[in-house]
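Reader: I would like a close look at one part of this model rather than a tour of the whole. Please take the loop after the fourth helix, together with the pocket beside it, and then go through the charged pairs.

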Amino acid sequence: MSETVVHVLRHGEVHNPDGILYGRLPGFRLSELGVQMAKAAAQALADKTVVHVVASPLERAQQTAEPIAAHFGLSVGVDERLIESANWFEGKKVSPGDGSFRDPRNWWVLRDPLTPSWGEAYQAIAERMFAALHAARIAAEGREAVLVSHQLPIWTLRRHVERKRLWHDPRRRQCGLASLTSFHFDGAKVVGIGYSEPAAHLVAMSATARTAKGA
């Protein structure tokens, strides 16, 4: 049986002048730099055999998927399972030194970092992302698919597939803006995971990357 590859792409930089944790809030679109990141990702995939493109319903993910779908003459599908994780701090500033983490009234939300207590359970994220991954594998049997999602869901999926504990230090995530985490399948079995950053030259210019507010 021929190999199937599912590339899971993180969206590009988002226009977020107020520096909030935007999570699932509507209206957060790619910045001008983020649009260029999406094009860089599309260029990196240009010689692949992509037959299936699906994205989170959030605007930034849909925008990131568009140049890829256009290149292959495909439409962008929507899969709710690829959405950003729910987070109690959505809409708030959470930057070190000036955000909601410094407010004692919010500390009760941080009581359990393993589940975590402030948002969607890691296990729930892993299960929905794993289901989306396999749906894409089936849709692209023997060829390649692209899923566009968000940093925490992608990293949680990778740790789940690698059979690592799901709770982790966010500072150690290998999931940059417009990065590709590629799952290689032999049948239904994952036989390899690749990672690349086709927009690294643009990420170096990104305020989001410097302040770690992107999601």
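Author: What follows goes from the pocket to the loop and then to the salt bridges. The model is a predicted one.

The second largest pocket holds about 190 Å³ of space. Its lining consists of Phe130, His134, His160, Val161, Arg163, Ala188, Lys189, Val190 and Ile193. Helix 3 (122-139), helix 4 (151-161) and strand 6 (189-196) are the elements that give two or more residues to this lining. Strand 6 contributes the most, with 3 residues. Sorted by class, the lining has 5 nonpolar, 2 polar and 2 charged residues.

Arg163 is one of the residues that line this pocket, and its place in the chain is the loop between helix 4 and strand 5. Its backbone has a positive phi of about 60 degrees, although Arg163 is not a glycine. With a relative accessible area of 78%, Arg163 counts as exposed, because the cut-off for that class is over 50%.

Ala178 is found in the loop between helix 4 and strand 5. Ala178 also has a positive phi, of about 55 degrees, and is likewise not a glycine. Its accessibility is another matter: Ala178 is buried, at a relative accessible area of 0%.

Ser179 belongs to the loop between helix 4 and strand 5 (180-186). At 1% relative accessibility, Ser179 counts as buried, because buried means under 20%. The side chain of Ser179 reaches the backbone oxygen of Gly176, at 2.7 Å. Leaving aside residues up to four places away in sequence, Ser179 touches Val8, Leu9, Arg10, Tyr195, Ser196, Glu197 and Pro198.

Now the charged pairs. A search of the whole structure finds 6 salt bridges, and three of the pairs are taken up here, among them Glu162 with Lys164. In that pair the closest N and O atoms are 3.4 Å apart. Glu162 is partly exposed, at 27% relative accessibility, and Lys164 is partly exposed too, at 43%.

Arg171 and Asp169 meet through their side chains in a salt bridge, with 2.9 Å from N to O. Arg171 counts as exposed, with 75% relative accessibility, whereas Asp169 is partly exposed, with 25%.

The pair of Arg24 and Glu120 is also a salt bridge, its closest N and O atoms being 3.4 Å apart. This pair links distant parts of the chain, since the two residues are 96 residues apart. Arg24 sits in the loop between strand 1 (4-10) and helix 1 (32-44), and Glu120 in the loop between strand 3 (77-78) and helix 3. Arg24 is partly exposed, its relative accessible area being 31%. Glu120, at 17%, counts as buried, because that value is under the 20% cut-off. Arg128 joins Arg24 and Glu120 in a network of salt bridges.

One backbone detail belongs to the loop that holds Glu120, between strand 3 and helix 3. Pro116 lies in that loop, and the peptide bond from Thr115 to Pro116 is cis, with omega near 0 degrees.

To return to the loop you asked about, Arg163 is exposed, whereas Ala178 and Ser179 are buried.

Note on methods. Residues are numbered from 1 along each chain as its sequence is written. This is a predicted model: local features need pLDDT of at least 70, side-chain atom pairs count only at pLDDT 80 or more; totals for chains, interfaces and linings use all residues. Side-chain values use heavy atoms; hydrogens and water are left out. On a 1 Å grid over the protein atoms alone, a cavity is a set of points where a 1.4 Å probe fits but cannot get out, and a pocket is an open set with protein on both sides within 12 Å along at least five of seven lines; lining residues have an atom within 4 Å of a point. Grid points are joined across faces, edges and corners, and a volume is the space filled by probe spheres set on the points. Helices (H or I, at least four residues) and strands (E, at least two) are DSSP runs, numbered from the N terminus. Ala, Val, Leu, Ile, Met, Phe, Trp, Tyr, Cys and Pro count as nonpolar, Asp, Glu, Lys and Arg as charged, and the others, Gly among them, as polar. A salt bridge is a side-chain nitrogen of Lys or Arg within 4 Å of a carboxyl oxygen of Asp or Glu. Buried means under 20% relative accessible area, exposed over 50%, partly exposed in between (1.4 Å probe, protein chains only). A polar contact is a pair of N or O atoms within 3.5 Å; within protein, one must be able to donate a hydrogen and the other to accept it, and residues adjacent in sequence count only if both atoms are side-chain atoms. Contact means heavy atoms within 4.5 Å.
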